[in-house]
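Work through the exercises below with the model open beside you. Try each task before reading its solution.

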2 protein chains.
Amino acid sequence: MYDIVKDAVEARDFRKVKEIFSKLEEADIADLMQGFHDNKEVDTKDITLLFRLLPKDTAAEVFTYMESDMKELLINSFTDTELEEVIDNLFIDDTVDLIEEMPANVVQRILDASDPQSRRQINMILKYPEDSAGSMMTTEFIYMKRHMSVGETLQKIRSLGMVKETVYTIYITEADRKLIGVLSILDLLTSDDDEELGNIMDPNVITVETTEDREVVASQFAKYDYVALPVVDNENRIVGIVTFDDAMDVIEEEVTEDFAHMAAVEPSEESYFKTPVFIHAKNRIMWLLVLMLSSTISSVIIGHYEAAFATVPLLVASIPTLTGTGGNCGSQTSTMVIRGMSLGEIELKDFFKVIFKEFRISVIVAIILGAVNFARICIQYHSDPQVTKLAICVSLAIVAAVIMSKLIGCILPMAAKAVKIDPALMAAPFISTIVDASTTLVFFNIALLVFHIRI
Amino acid sequence: MYDIVKDAVEARDFRKVKEIFSKLEEADIADLMQGFHDNKEVDTKDITLLFRLLPKDTAAEVFTYMESDMKELLINSFTDTELEEVIDNLFIDDTVDLIEEMPANVVQRILDASDPQSRRQINMILKYPEDSAGSMMTTEFIYMKRHMSVGETLQKIRSLGMVKETVYTIYITEADRKLIGVLSILDLLTSDDDEELGNIMDPNVITVETTEDREVVASQFAKYDYVALPVVDNENRIVGIVTFDDAMDVIEEEVTEDFAHMAAVEPSEESYFKTPVFIHAKNRIMWLLVLMLSSTISSVIIGHYEAAFATVPLLVASIPTLTGTGGNCGSQTSTMVIRGMSLGEIELKDFFKVIFKEFRISVIVAIILGAVNFARICIQYHSDPQVTKLAICVSLAIVAAVIMSKLIGCILPMAAKAVKIDPALMAAPFISTIVDASTTLVFFNIALLVFHIRI
């Protein structure tokens, strides 16, 4: 498909392109044009031309599926009239997203191209804090008064030509837009024409407040399986709705942020390839520096016990096994706890329950790992006269490392949550650094005892 | 709310419970009862009693929101008639999920309680491979012939009393259920009564095949923002639909699986607290053992260079810094690549593009880390006569470790994907183990050169 369109563009056969476009989904047309741009295979002017081939209502939707750089490029090539047409066909929440992405001079053109009513709504949404329900809602929804009849409502929907995002649920309000119930389109369709909406509506409504965190909003979707949630102000007046596709986007973004934090990377707004090398390096270097410098603690500890490994050099060879195993145990636990918290399975009040559970797990794991390690050392160094002492020493240290690291791995993320730091920041790399230091400390102290070394 | 209901149950005031239930969402009622059960605060018999207080249509929905153990408990306490009522009100896909969760004796009771038509559909869905589109679809959807009029269709919807999951989109078929178009309820409502469906339908339909992987299906939802996707067989006959809420569940499960794999844990089907301590330990021990035993390679390498650190004991103190930094760099890259692949941003054909990008990032990062580390050692060990040599040696090793680990961190997950292993398995812990060994090897070889040591 990609190559067919490319060839058609090169042959200037725009009739063919138009025909192909008419059979594609909007998201796919956007993908196609984005690809042409990213791979620099089609001239910028021709891409603008391709966009102009689209029917007006399709164009706006294709536009929303594009990435920021393409959007900016297109807006800059639009005449004022063209821009107005696109903006006119965008949903309010998409216009707001656009404004948040674009540089200041482009924003001014977008606002100029919006009609006064939309501009008022855009400004209202922009005023809500970033990451709040208010900032992710759309103001396009259907609300009706409770005393309207089913027939009148159907008539009104028919005459207004509603947009698809909003038509599945009708919000029932009384004076001042106060939300008193919801009605699915199904109930509307299967009721008698002269029934009043107030009698068939569901008076139990799940709402979110404008100030609610968008992560909480997204989790409500996962819980209740709704297509849309109404957003209300503090006096229960409906001001907008959040739709499930925006909730899916938030879930995806939040998860991506968690992944990044857990790998000690500052999250990036853009995709992997769109982020320049320097920004990638900048997002990664800070944490690497912190972790590298904090590993100095381990090196000081090791330096302190020089006498120990000068006497028994084989002790050194066991350091990677100990710190590696401790790090892995810690990362297992912290990941389970962090994921459990973001799914809402683990809450702060479960603090001691989690610690007790991880303690029991760590004891089982520690005993098995200690025993296997004991056997491994006995086999590997069987010719060494001090093999038994070494095996005892390393295995005891493994047991201690496993239990310590599993406890640290559950305490730190929960403590972070308690003081409102992102628990994902307390993941594997951070915990490994702490576990490395404490494991070496415990290890050499056990060694001093077992081998009767004095320092 | 929780305590009010609990008190009411203890006071045997079931009228009050019933009143509270009537104001709650089904998901919340299920949560409440699950809580009573999990905390053993309410007797099992009383929980069954609570369930019987629910109106029949609510009961089935509450049932679907419960966890397996509660479902099993309830089914065992149901009479055959009660079971039939619940099963009757379940959507086919929920019944299938139930059958997949329950032990064999319970499954037989469920199948007996289903009417013959549902049983046929259940058996059909059960035949599709696990994790395929066929296994996650529901067979309850609306399809109409192309020559029907809008008015007839509205009439039919009204008389059938459609279920909410399916009413938003109408699928248009010709003979043999062959799918030829879709029509949103919006277009239906805003069209003239005597218009033919074939004239107003959208003939471009995005479909998924029954055999398609459920992860691919979920990504289609994220891409196209649809409420439902039709599932077709290999002759384009519509056999079911997948709804967005099931797609959201799949995304959540897949992400949880990725998190688990990346922390070297076998994923669990149940939530954190529902999984017993022994299962948690079992899910974690295997990888820990493999990684612990493979760290023997590092210990052999270190043992081999005993002469080096016997001459310059300070070398040992730098091992944690080196392996730690290498591990963190590797985990940053592998996480970015794994996440990029699961979002579809990075594909296999980008192999060399990714390697080149990570190489450039790693050079920037390596130079900064090497320089800072050089300074750190000069300050920390300024009194040692060999401080410059040590600083050169460790910093060069850092540079090598960063570049190596970033390259390993992008090559391994992509290679895993190429041979159809879950890339998430090639994450931090696995990469650290490889990086640890290669870093120590490089480090000691640099040391031999710089300090002119012979082994």
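**Exercise 1. Place Thr275(A) in chain A and decide whether it is buried or exposed.**

Start with the secondary structure. Thr275(A) sits in the loop that links α16 (244-262) to α17 (277-294) of chain A. Helices here are DSSP runs of H or I with at least four residues, and strands are runs of E with at least two, numbered from the N terminus. Next, accessibility. Thr275(A) has a relative accessible area of 3%, so it is buried. The classes are buried under 20%, exposed over 50% and partly exposed in between (1.4 Å probe, protein chains only).

Then list the partners. Beyond neighbours within four places in sequence, Thr275(A) contacts Ser268(A), Glu270(A), His280(A) and Lys357(B). Contact means heavy atoms within 4.5 Å. With Ser268(A), the side chains make a polar contact of 3.0 Å. Such a contact is a pair of N or O atoms within 3.5 Å; within protein, one must be able to donate a hydrogen and the other to accept it, and residues adjacent in sequence count only if both atoms are side-chain atoms.

This is a predicted model: local features need pLDDT of at least 70, side-chain atom pairs need pLDDT 80 or more, and totals for chains, interfaces and linings use all residues. Residues are numbered from 1 along each chain as its sequence is written, chains are lettered from A and ligands numbered from 1 in the order written, and side-chain values use heavy atoms, without hydrogens and water.

**Exercise 2. Find the relation between chain B and chain A.**

Superpose first. A turn of 180° with a shift of 0.0 Å along the axis lays chain B on chain A at an RMSD of 0.1 Å. The fit is by least squares on C-alpha atoms of residues with pLDDT of at least 70 in both copies. This is therefore the relation of a two-fold axis. The same surface serves both copies: 99% of the contact residues of chain B recur in chain A.

**Exercise 3. Describe the interface of chain B and chain A.**

Count the residues. Chain B gives 109 and chain A gives 108. Now the area. The two chains bury about 10300 Å² between them, 69% of it on carbon and sulfur atoms. Buried area is the accessible area (1.4 Å probe) that two parts lose on being put together, summed over both. In chain B, Phe259(B), Tyr272(B) and Phe273(B) lose the most area to chain A, together 8% of what that side buries.

Turn to the charged pairs. There are six salt bridges between the chains, where a side-chain nitrogen of Lys or Arg is within 4 Å of a carboxyl oxygen of Asp or Glu. One of them joins Asp31(B) and Lys223(A) at 3.2 Å, N to O. Helix α22 (residues 351-380) of chain B supplies the largest share of the side of chain B that touches chain A, 14 residues.

**Exercise 4. Examine two residues with positive phi, Asp225(A) and Arg12(B).**

Recall the background. Most residues other than glycine have a negative phi.

Take Asp225(A). Its phi is near 60°. Asp225(A) lies in the loop between α15 (214-224) and β5 (228-232) of chain A. At 25% relative accessibility, Asp225(A) is partly exposed.

Take Arg12(B). Its phi is about 55°. Arg12(B) lies in the loop between α1 (2-10) and α2 (14-22) of chain B. Arg12(B) is partly exposed, at 45%.
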